[in-house]
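Here is a colleague's note to read alongside the model. It takes up charged pairs, one helix and the nonpolar core in turn.

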Amino acid sequence: MRAARALIGISQAELARRAGVSVPTIKRCESDGMNVPSVSAETREKIRAVLEVEGVEFTNGNHPGVRLRRP
């Protein structure tokens, strides 16, 4: 998630505001991964949706990570 934020150039505070979650939630996700038990699936989806709207693509398979979608 930290890499995704870096790709689109937004702060933790901005991501939190746009996703409707708290900054500590963003910090928790970034330090412990998106599968933090204390963060609900609904909250994770809100965060992911904000990043995807901005063009972030979450990759899987042989090259896990993030990249910007090509137009």
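**Notes on the predicted model**

1. Let me start with a residue that may catch your eye. R5 counts as buried, because its relative accessibility is 12%, below the 20% cut-off. Please keep in mind throughout that this is a predicted model.

2. What does the side chain of R5 meet in a salt bridge? The partner is E30, at 2.5 Å from N to O. R5 sits in helix α1 (residues 2–8) and E30 in helix α3 (residues 23–32), so the pair links distant parts of the chain, 25 residues apart. E30 is likewise on the buried side of the cut-off, since its relative accessibility is 11%. The pair also belongs to a network of salt bridges that links R2, R5 and E30.

3. Another pair worth a look is R18 with E54, whose side chains form a salt bridge of 2.5 Å, N to O. R18 lies in helix α2 (residues 12–19), while E54 is in the loop between α4 (41–53) and β1 (56–59), so this salt bridge ties together parts that are 36 residues apart in sequence. Both ends are partly exposed: R18 has a relative accessibility of 33%, and E54 has a relative accessible area of 36%.

4. Where is the salt bridge between E52 and R48? Both residues are in helix α4, 4 residues apart, and so are separated by about one helical turn. Their side chains meet at 2.9 Å, N to O. As a reminder, an α-helix has 3.6 residues a turn, so residues three or four places apart point the same way. E52 is partly exposed at 26% relative accessibility, and R48 is partly exposed at 32%. The count for the model comes to 5 salt bridges.

5. Now for α4 itself. This helix has 13 residues and reaches 18 Å from its first C-alpha to its last, close to the 18 Å expected at 1.5 Å a residue. Just after α4, G55 takes a positive phi of about 105°, which you may like to check by eye.

6. Which residues of α4 are buried? They are T43, I47, V50 and L51. Seen down the helix axis, the buried residues fall within an arc of 100°, so they line one face of α4. That buried set packs against α1, α2, α3 and β1. On the other side of α4, the exposed residues are A41, E42 and V53.

7. T43 deserves a moment of its own. This α4 residue is buried, because its relative accessible area is 17% and the cut-off is 20%. The side chain of T43 makes a polar contact of 3.0 Å with the side chain of S40. Leaving aside neighbours within four places in sequence, T43 is in contact with V21 and T25.

8. Finally, the nonpolar interior. The largest nonpolar core has 14 residues, and those with the most contacts inside it are M1, L15, V21, I26, I47 and L51. Helices α2, α3 and α4 each supply at least two residues of this core. V21 is a good place to begin browsing: setting aside neighbours within four places in sequence, V21 is in contact with A16, I26, T43 and I47. Among these, I47 is also one of the buried residues of α4.

Key. Residues are numbered from 1 along each chain as its sequence is written. This is a predicted model: local features need pLDDT of at least 70, side-chain atom pairs count only at pLDDT 80 or more; totals for chains, interfaces and linings use all residues. Side-chain values use heavy atoms; hydrogens and water are left out. A salt bridge is a side-chain nitrogen of Lys or Arg within 4 Å of a carboxyl oxygen of Asp or Glu. Buried means under 20% relative accessible area, exposed over 50%, partly exposed in between (1.4 Å probe, protein chains only). The expected span of a helix is 1.5 Å times one less than its number of residues. The arc is that of the directions from the helix axis to the C-beta atoms. Contact means heavy atoms within 4.5 Å. A nonpolar core is a set of buried Ala, Val, Leu, Ile, Met, Phe, Trp, Tyr and Cys residues joined through side-chain atoms within 4.5 Å. A polar contact is a pair of N or O atoms within 3.5 Å; within protein, one must be able to donate a hydrogen and the other to accept it, and residues adjacent in sequence count only if both atoms are side-chain atoms.
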